[in-house]
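Welcome! Take a moment to look over the sequence and turn the structure around, and then we can work through some questions together.

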Amino acid sequence: MFDTLSDRLTAALQTLTRKGKLSDADIDATAREIRIALLEADVALGVVKTFIARIKERAKGAEVSQALNPAQQVIKIVNEELVGILGGETRRLNLAKTPPTVIMLAGLQGAGKTTLAGKLAMWLKKQGHAPMLVACDLQRPNAVTQLQVVGERAGVVTFAPEPGNGVGDPVDVARRAIAEAKHAQHDVVVVDTAGRLGVDEELMKQAADIRDAVDPDEVLFVVDAMIGQDAVTTAEAFRDGVGFTGVVLTKLDGDARGGAALSVREVTGQPILFASNGEKLEDFDTFHPDRMASRILGMGDVLTLIEQAEQAFDQKQAEKAAEKLSSGQLTLEDFLEQMLAVRKMGPIGNLLGMLPGAGQMKDQLAQVDDKHLDKLQAIIRGMTPAEREDPKMINGSRRLRIANGSGVTVREVNDLVNRFFEARKMMAQMAGRFGF
Ligand code: GDP
């Protein structure tokens, strides 16, 4: 799921990383690529249009962030907008103040309602609830038995009409089930309803009747993410015919293009509560818009890095350092400050590991450890403020004192001081060459 979309978005954004500054034309070109990627993923046209318009507007008007380079800024905007169309905050299940909480499932046949009932029951049970399943799909001959089977697997009770009583009335079953749930102290009732292969009026009416009879706290519209654009039209039909308070996406494990996931919330205005990604009862979880967005962008770690950089970055301090750097005046005090700012972001191995392509450099990364940085920090801290400001004054006797004070050898102090001078010279040369 989302593989192609993810690849295309990553490619579109990656062309930006080589640019130092973004022109409006760069942003337009990237927006075009993102648009194609979304349309190919089967995202509804209206959703794509709004999305692209917002990306362009925000990217062009983006205030210049000192912490992020232009590509990172656009990635950040795209990510935030993705989280937005997926619903923003994670929406939790609404539980009734006075139990039982009634959850009604609605959707087309084959969407995964019955399977979901079992998944939900098991999930609720794990959270300490005592759920009961109700079989109100009396249309499909096997539906009741199928619900009983998943109920058994989840280890919960299933309320079903007595066999041999003809087709039966689902509204009557639903009503009796609620009474039974109260009596047997089940605090959550999950009502499975009948689906059809396509949307039809009779189906909607039956679902609406059941809804009126059980007065649900949640009506969950269950939709197969693999049906692409049809997901949107089906969602609209259910919204108008029955109404729902939340969406459950199923079959996210399939290799579909994922457009349904990106359209349904925006088109219906109702949040996605859960995602199902397999046939087993465990393949199910709360839907988190932020996690899904970073999965789609395929840049989860880069996003974390961007967030941390923004938090750790002190603009004034960095400007001061850059100025000193270009004039060859950088001191060990500045070096220490910069090192501390970077280290605020977490263990150095983790930070480097988050960079794209770090996977192939595992061995080298293993050698960069925090202990080494701790040592550098200790040596600089062992110096007097005057020595940090003007490292040239650190002569032999001072080196010995610093080594003793910070618990390292003189050679390690020498190393640090010499490397610092070399680096300072090199950086000043580079700054001269690249004009910053
Ligand atoms: P219902 O008609 O809406 O009750 O749908 P079912 O629960 O009977 O599901 C229809 C088919 O989809 C069954 O074969 C399920 O095993 C399968 N299914 C349901 N959810 C998922 C899922 O998340 N992933 C996959 N791969 N299959 C699913």
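**Getting to know the chain**

Let's start with the overall layout: in this predicted model, the chain is divided into domain 1 (3–89), domain 2 (101–287) and domain 3 (314–434).

Q: How many helices and how many strands does the chain have?
A: Try following the chain on screen, with its domains 1, 2 and 3 as your guide. The secondary structure comes to 20 helices and eight strands.

Q: How many residues of domain 2 are in contact with domain 1?
A: The C-alpha centres of domain 1 and domain 2 lie 35 Å apart. Even so, the two domains are in contact, with eleven residues on the domain 1 side. By class, that side has seven nonpolar, two polar and two charged residues. On the domain 2 side, the number of residues is 13.

Q: Is Ala41 buried or exposed?
A: Ala41 lies in the loop between α2 (24–40) and α3 (45–60). Leaving aside its neighbours within four places in sequence, Ala41 is in contact with Thr4, Leu5, Arg257, Gly258 and Gly259. A residue needs 20 or more other C-beta atoms within 10 Å to count as buried. Ala41 has 26 such neighbours inside 10 Å, so Ala41 is buried.

Q: Which helix gives the most residues to the largest nonpolar core?
A: This core has 100 residues, and among the members that touch the most others are Val134, Val190 and Leu249. Val190, for example, touches Ala117, Leu120 and Ala121, among others. The helix spanning residues 113–126 gives seven residues to the core, and that helix is α5.

Q: Between which domains does the largest nonpolar core lie?
A: To place the core, ask which domains supply its residues. Both domain 1 (3–89) and domain 2 (101–287) do, so the core lies between domain 1 and domain 2.

Q: How many residues are in the second, separate core?
A: You can find this core through some of its members, including Leu330, Leu376, Ile402 and Leu416. Its number of residues is twelve.

Q: What percentage of residues 271–284 is strand?
A: UniProt, in an unreviewed entry, lists these residues for "domain: SRP54-type proteins GTP-binding". The end C-alpha atoms of the stretch are 17 Å apart. Its helix content is 0%, while its strand content is 43%.

Q: What percentage of the chain's residues is buried?
A: Now step back to the whole chain, which has 436 residues. The buried residues make up 39%.

Note on methods: Residues are numbered from 1 along each chain as its sequence is written. This is a predicted model: local features need pLDDT of at least 70, side-chain atom pairs count only at pLDDT 80 or more; totals for chains, interfaces and linings use all residues. Helices (H or I, at least four residues) and strands (E, at least two) are DSSP runs, numbered from the N terminus. Domain bounds come from an automatic or database domain assignment. Two residues are in contact if their C-beta atoms, placed from the backbone, lie within 7 Å. Ala, Val, Leu, Ile, Met, Phe, Trp, Tyr, Cys and Pro count as nonpolar, Asp, Glu, Lys and Arg as charged, and the others, Gly among them, as polar. UniProt positions are given in the numbering used here, feature names are shortened, and annotations may be inferred rather than shown by experiment. A nonpolar core is a set of buried Ala, Val, Leu, Ile, Met, Phe, Trp, Tyr and Cys residues joined through C-beta atoms within 7 Å.
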